[in-house]
Amino acid sequence: MPSAVLPTAASDMPDSAALTESRADHVIVGAGGAGLSLAWHLTRQAATAGQSIILLDPDSKQLNDRTWSFWERTDRPGLFPDLVSAEWATADVHSTVWGRQVLPLAPYCYRTIRGADFYDAMRRHLAALPHVQWVQAAVTHVTDAPTHATAHTTDGRTWRGRWVYDSRFRYTQDVVQQPERHFYLAQHFVGWEIETDRDVFQPDVASLFDFRTPQHQQMRFVYVLPSSPRRALVEFTLFSKALLTPAEYESALHAYLRDHLQLTAADYRIIFTENGVIPMTDHPLPMRAGQSIVRIGSAGGASKPSTGFTFRRIQQQTAGIVEKLAATGTPWLTERPTERRFRLYDAMMLAVLAEEGERAEEVFCRLFARNPITRILRFLDEETTFAEEVAVMNSVPLAPFLRALGGQVRRGMPPLRASA
């Protein structure tokens, strides 16, 4: 695709189309969640706010191609509060064996941001800054040097930065698998935002896990985020090594709507479709890809291996990069003291999902039934004490996790360093 500067409100933004090489302090490859979040944080940190930025992406980012959902404490400043399209103070979990568990989330709530709203807000914010260029161009590769890196686009142009941040990630192509040491699963999903002709949904309750779908020896569930009694995102999700065919995802969604919501095809309209694949692996995904190349987002290990949750971790990663730049002039983050043991917990969970996927429903239902919600969410945010982690472990069936721990010993625990 020929490169083009996206239309913006900043009419005086420099037009570099005539140049063979453009230069900036920061070149960001990919204007998705990670790339735009990094640009946002760079422009809001005093030490980096005036530094030049070039964003490169082949897509215009005009469509609502995804949603991001995450939990937050209501007594702390939130992530992009003006962009939250819906939030829920209560969640539930459905099981064929355990029934329905209703989970008041206080002092947390569950929130969602639409991709289109995020892209539009970032576009408006960045358009007001003359030292930022958002260029529609497809990057073929990035080359490294001690003092800079260069992104090369399909039109033959080059984009040189002191630092180049690469968010591109093709899980099955970019990771050379070592199955004797690591697990390689994917969280893959297809979701429909539907509108119904009658009241169907409980709009103040988010269904995080509905296991009332055939498991096929894997962890499979439906995720329901209602925005009104007649509108909701209904998403079929599974954790497995292999993806399904488009027809299989659609069949599972049709079956769920029919069997559990009593909806025929004539009862609803599909407003929006999203799909995605999130890596779930204990394979190291370091941020450092060269002397001047930084991987960000899922490519740089921002997706939590055992759950696939990414958006909050992207904010932590990109804000951390900017804080490190301000303090040291380099973006390389250091390992947190607790990071090593949480990588072990993630690896054990991946082992259970990969080798005993049929146990996942029992694991998650026991987890929610036997722990305060605050402990679970703190555990998933990697904020718990070791004593709290022991309590979490004691709440789930121990046998599969002991087998997983034994496997980690044989594989060479603990997991390799994941940070830069």
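Student: In strand 7, which residue is the bridge partner of His94?
Tutor: This is a predicted model. Strand 6 covers residues 90-95 and strand 7 covers residues 99-104, and the two pair in the antiparallel sense over six bridges. One of the bridge partnerships links Ala91 to Leu103 in strand 7. For His94, the bridge partner in strand 7 is Arg100.

Student: How many residues does the hairpin between strand 6 and strand 7 run through?
Tutor: Strand 6 consists of residues 90-95, and strand 7 of residues 99-104. A hairpin joins the two strands, and the number of residues it passes through is three.

Student: Strand 7 and strand 6 belong to an open sheet of seven strands. Which strands are at its edges?
Tutor: The order is 7-6-14-15-16-13-17, with mixed pairing. From one strand to the next, the twist averages 15°. An edge strand here pairs on one side only, and that holds for strand 7 and strand 17 (268-281).

Student: Which helix packs on that sheet, and what angle does its direction make with strand 13?
Tutor: The helix is helix 4, residues 246-261. It touches strand 13 (184-196), strand 14 (205-210), strand 15 (219-228), strand 16 (231-240) and strand 17. With the direction of strand 13, helix 4 makes an angle of about 50°.

Student: How many residues of strand 13 are buried?
Tutor: Look at the partners of strand 13. Strand 17 pairs with it in the antiparallel sense over 13 bridges, and strand 16 runs antiparallel to it, joined by 10 bridges. Strand 13 is largely enclosed by the rest of the structure, because the buried count among its 13 residues is 12.

Student: Which residues are the bridge partners of Ile194 in strand 17 and of Glu195 in strand 16?
Tutor: Strand 13 is joined to both strands, to strand 17 over 13 bridges and to strand 16 over 10 bridges. In strand 17, Ile194 has Ile270 as its bridge partner. In strand 16, the bridge partner of Glu195 is Arg231.

Student: There is also an open sheet of three strands. In strand 8, which residue is the bridge partner of Trp71?
Tutor: The order of this sheet is 4-8-5, with antiparallel pairing. Strand 4 (67-73) and strand 5 (84-88) are its edge strands. Seven bridges join strand 4 to strand 8, residues 108-114. In strand 8, Trp71 has as its bridge partner Tyr110.

Student: Which helix lies across strand 4 and strand 8?
Tutor: Neighbouring strands of the three-stranded sheet are turned by 25° against each other on average, direction ignored. The helix across strand 4 and strand 8 runs at about 70° to strand 8. Its residues are 115-127, and it is helix 2.

Student: Which helix gives the most to the largest nonpolar core?
Tutor: That core has 46 residues. Among those with the most contacts inside it are Tyr110, Phe209, Met219 and Leu353. The top contribution is nine residues, and it comes from helix 6 (residues 339-355).

Student: How many residues are in the other core that lies apart from it?
Tutor: Nonpolar side chains tend to be buried together in soluble globular proteins. Among the residues of this other core are Ala34, Met122, Val294 and Ile321. Its residue count is 36.

Student: Are helix 6 and helix 9 roughly parallel or roughly antiparallel?
Tutor: Their axes come within 13 Å and cross at roughly 5°. Angles under 35 degrees count as roughly parallel. So helix 6 and helix 9 are roughly parallel.

Student: Which residues make that contact?
Tutor: The contact of helix 6 with helix 9 divides into four nonpolar, no polar and two charged residues. Helix 6 brings Arg341, Phe342 and Tyr345, and helix 9 brings Phe386, Glu389 and Met393.

Student: How many charged residues are in the contact of helix 8 with helix 9?
Tutor: The axes of helix 8 (residues 373-380) and helix 9 (residues 386-394) come within 10 Å and cross at roughly 110°. That makes helix 8 roughly perpendicular to helix 9. Arg375, Arg378 and Phe379 meet Glu388, Glu389, Ala391, Val392 and Met393. Nonpolar residues number four, polar residues none, and charged residues four.

Methods: Residues numbered from 1 in each chain as written. Predicted model: local features only at pLDDT ≥ 70, side-chain atom pairs only at ≥ 80, totals over all residues. Heavy atoms only, no water. Pairing = 2+ DSSP bridges. Helix = DSSP H or I, 4+ residues; strand = E, 2+ residues; numbered from the N terminus. Core = buried A, V, L, I, M, F, W, Y, C linked by side-chain atoms within 4.5 Å. Buried < 20%, exposed > 50% of the residue type's maximum accessible area, 1.4 Å probe, protein only. Axes fitted to C-alpha atoms, helices over the stretch in contact; angles between N-to-C directions. Contact = heavy atoms within 4.5 Å. Parallel < 35°, antiparallel > 145°, perpendicular 65-115°, else oblique. Nonpolar A, V, L, I, M, F, W, Y, C, P; charged D, E, K, R; others polar.
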